[in-house]
Amino acid sequence: MAIHNQAGSVEEQNKLKLYSYFLSSCSYRVRIGLKLKGLEYEYKAVNLLKGEHFSSEFTKLNPIGYVPVLVDEDIVVSDSFAILLYLEEKYPQHPLLPRDLQRRAINYQKSIAEKFNPDEQYVWARNHIGKGLEALEKLLHDYAGKYAIGDEVYLADCFIAPQLYAAIKWFSLDMTPYRLLSRLHEAYNQLPAFVDSAPENQPDTPV
């Protein structure tokens with residue numbers, strides 16, 4: 001299913017395919033990046049619960065069997081970070097990385113939140129997500145503006161938004177100690193690219 005966006009040429013839009021699962025936080029961040037860059041794409045649902053990521057069709061694209069996978073004509077890219085960097089180089093509209101090297105480096109450090117992935121067991125994850133958010137709150141203290149690294153949306157926001165979504169909606173984490181991150185979460189909820197990319201708004205979301 002094609003995801004509608006106004007920006008980007010028809011030629012660019014028609015050749016992108018994203019293999020995704022609606023609950024995958026890794027897919028979530030790539031969906032945000034595609035939306036921010038105004039790139040239309042064909043949504044290829046991969047049902048992880050049914051084991052479709054182990055099918056011969058999918059493992060030809062990614063032998064490891066993980067989503068997301070981006071197909072751009074004859075180019076296949078897996079791993080969300082690699083996909084977002086590929087999009088940054090191939091499609092320069094709405095840069096996901098700032099020119100300032102220090103702020104660019106902070107975007108790369110988004111992995112602090114990623115290390116505490118909500119896909120782990122509930123009790124373990126809930127405890128460690130809190131630790132990850134605490135570290136992230138400190139990391140962003142001197143850089144955050146309206147968004148994570150200032151007043152423009154960048155790569156870091158693509159990674160942080162799914163982590164905050166999971167912490168709040170899946171784990172009911174008390175966000176009171178994380179004033180900065182709570183503010184970012186509210187800001188993301190005002191951006192169509194983030195709202196449209198949320199798990200509940202995907203073609204494969206159960207009715």
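Helices (H or I, at least four residues) and strands (E, at least two) are taken as DSSP runs, numbered from the N terminus, and by this count the protein has 10 helices and 5 strands. This is a predicted model, in which local features need pLDDT of at least 70 and side-chain atom pairs count only at pLDDT 80 or more, whereas totals for chains, interfaces and linings use all residues. Residues are numbered from 1 along each chain as its sequence is written, and side-chain values use heavy atoms, with hydrogens and water left out.

Of the 207 residues of the protein, 51% count as buried, that is, under 20% relative accessible area with a 1.4 Å probe and protein chains only.

The largest nonpolar core, a set of buried Ala, Val, Leu, Ile, Met, Phe, Trp, Tyr and Cys residues joined through side-chain atoms within 4.5 Å, holds 61 residues, and among those that touch the most other members are Leu87, Tyr188 and Phe194. Helix α8 (residues 155-170) gives the largest share of this core, 9 residues. Because domain 1 (17-94) and domain 2 (101-195) both give residues to the core, it lies between them; the domain bounds come from an automatic or database domain assignment.

Leaving aside neighbours within four places in sequence, Phe194 is in contact (heavy atoms within 4.5 Å) with residues including Tyr28, Ile32, Val153 and Tyr188.

The table lists the residues through which two helices meet.

| Helix | Residues in the contact |
|---|---|
| α2 (residues 25-36) | Cys26, Arg29, Val30, Gly33, Leu34 |
| α4 (residues 80-90) | Ser80, Ile83, Leu84, Leu87 |

How values were computed
Axes fitted to C-alpha atoms, helices over the stretch in contact; angles between N-to-C directions. Buried < 20%, exposed > 50% of the residue type's maximum accessible area, 1.4 Å probe, protein only.
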